[in-house]
Amino acid sequence: MTGPAAPPAEQAVVSVIGCGYLGAVHAAALAKLGNLVIGVETDPERLMGLANGKAPFFEPGLDEMLAETLASGRLSFTADIAAAADATIHFICVGTPQTAGHPAADLTYLEAAFERLLTVIKPGDVVAGKSTVPVGTAPELAERLTAACPEATLLWNPEFLREGHAIDDTMRPDRVVVGSAPGAAADRALAVLRELYAPITADCPLIEVDFATAELVKVAANAFLATKISFINAMADLCEVAGADVVKLADALGHDDRIGRKFLNAGLGFGGGCLPKDIRAFMHRAMELGADQPLLFLREVDAINLRRRDKVVRMVREWLGDALVGRRIAVLGAAFKPDSDDIRDSPALAVAESLHLLGADVRVTDPRAIESARKQSPALSYVASPQEAAEDAEAVLLLTEWAEFRELEPSRFGEFVASRRILDARNCLDGAAWRKAGWEYRCLGRAVEG
Ligand code: UDX
């Protein structure tokens, strides 16, 4: 056995396979911590950007961290998997999106990355999977790794970073979870990872579990967060019929620290590249395992969430009348959440598209996501500012709670529109101030006068 019997005492040499959201941040963070990192990325455009210190997406602080670590010589990017042969720790960070037209996770990228990685693996190497995978994936990959190189070891190390907070979540995580198979080889591999993560686990637990638990922690966490959001959105509907206020309800609930106030913001619901696809893949995997019943509630979580989008469209129709053809509507927000340019499964963009299909003259603006939104929904009109979007609009819809939108001054903003109507689908504006400035203000889950 030639593998490292003890944790590396010096700078570790690490490869990161797949430099999308997760991989780019992970690679830069490990380099920042002093390791030598080789990022392997097959998409030529993404690779070119990364090599020049430009993240392929908007993430606060990432460009600066890439520039600094590239300049230090500790970080490099390549398309050639052969470069990963220098590394002794390999992180698999490729995406596992939803399969087109099917709830299951698409493991094509994972398969391809793993096969490529097997060509450079040497005895003693540690392979750590970070991609979100259906439970049961890791043991199968571990078998294939052992077959290709008996003295290399697989670990599963799920990632919990949030877009918009990715650097902080990576450098100061709540916890680090590492799954392994039992045995001496795993113990050695775990020691390697413990050493690598020592600078970031001083203030948080490193939780060592079996493969299945490691795989499940990630999807269970996202299922819980999605459930929390759909719960408060269901409460929002109840508040509307009962004359209650969902924001005050959430505040009151949140003071109970068994519940907590986070992820209790009612509104247009969740989107993005993780929560929606993860709950669907989780339900699908449970069904494959013959255990679909325990997760049936996630179907309702998903349905409550999607109904938020229909509800907003319905509210606009009730407001402006069914004949939306040619009616100008300003849409503030295209990203699935603020501080991100990600439009994957964006509730805001879904609403804008529905209104466009109903014939409305929809003008969308977003501080960061116009470019990505235009690629996905080229038929919509995009403008650079909320004021341009609002010009002659009969209604303004605030669909993503960017600070720029929350800080709009109602009187001045009112000068641009044809009619002072605003739908605050994220419950993030001071309704009283907007009403005082002559706006008809509507929101979700709060019975306010129009
Ligand atoms: C999520 C998980 O939080 C993260 O741990 C995991 O690694 C990846 O998936 P992310 O997709 O970046 O992260 O977004 P998140 O901040 O969780 O928000 C998800 C969606 O929920 C957004 O559309 C957001 O607008 C919505 N949301 C969030 C609400 O509607 N209400 C809330 O109270 C909180």
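## Cysteines without a partner

In this predicted model, the sulfur of Cys 239 is 11 Å from the closest cysteine sulfur, which belongs to Cys 443, and that is too far for a bond. Cys 239 also counts as buried, because its relative accessibility is 4%.

A similar description can be given for Cys 93, whose sulfur has its closest cysteine sulfur in Cys 19, 7.4 Å away, again too far for a bond. Cys 93 has a relative accessibility of 5% and therefore counts as buried. With a disulfide taken as a pair of cysteine sulfur atoms within 2.5 Å, the count of disulfides comes to zero.

## The shell around the ligand

The ligand is surrounded by 20 residues, and the closest of them are Phe 160, Leu 161, Glu 163, Asn 265 and Lys 337. Sorted by class, this shell holds 10 nonpolar residues, six charged residues and four polar residues.

Both domain 1 (13-204) and domain 2 (213-450) supply residues to the shell, each of them at least three. Among the contributing elements, helix α8 (residues 211-242) provides the largest share, with four residues.

## Polar contacts and burial of the ligand

Two of the closest residues, Leu 161 and Asn 265, approach the ligand through their backbones: a backbone N or O atom of Leu 161 lies 2.8 Å from a ligand oxygen atom, and a backbone N or O atom of Asn 265 lies 2.8 Å from an oxygen atom of the ligand. Arg 426 instead uses its side chain, in which an N or O atom is 3.4 Å from an oxygen atom of the ligand. Taken alone, the ligand exposes 670 Å², of which the protein buries 92%.

Key:
Residues numbered from 1 in each chain as written. Predicted model: local features only at pLDDT ≥ 70, side-chain atom pairs only at ≥ 80, totals over all residues. Heavy atoms only, no water. Near = heavy atom within 4 Å. Polar contact = N/O pair within 3.5 Å; in protein donor to acceptor, adjacent residues only side chain to side chain. Areas by Shrake-Rupley, 256 points an atom, 1.4 Å probe, with all protein chains shown as cover. Helix = DSSP H or I, 4+ residues; strand = E, 2+ residues; numbered from the N terminus. Nonpolar A, V, L, I, M, F, W, Y, C, P; charged D, E, K, R; others polar. Domains from an automatic or database assignment. Buried < 20%, exposed > 50% of the residue type's maximum accessible area, 1.4 Å probe, protein only.
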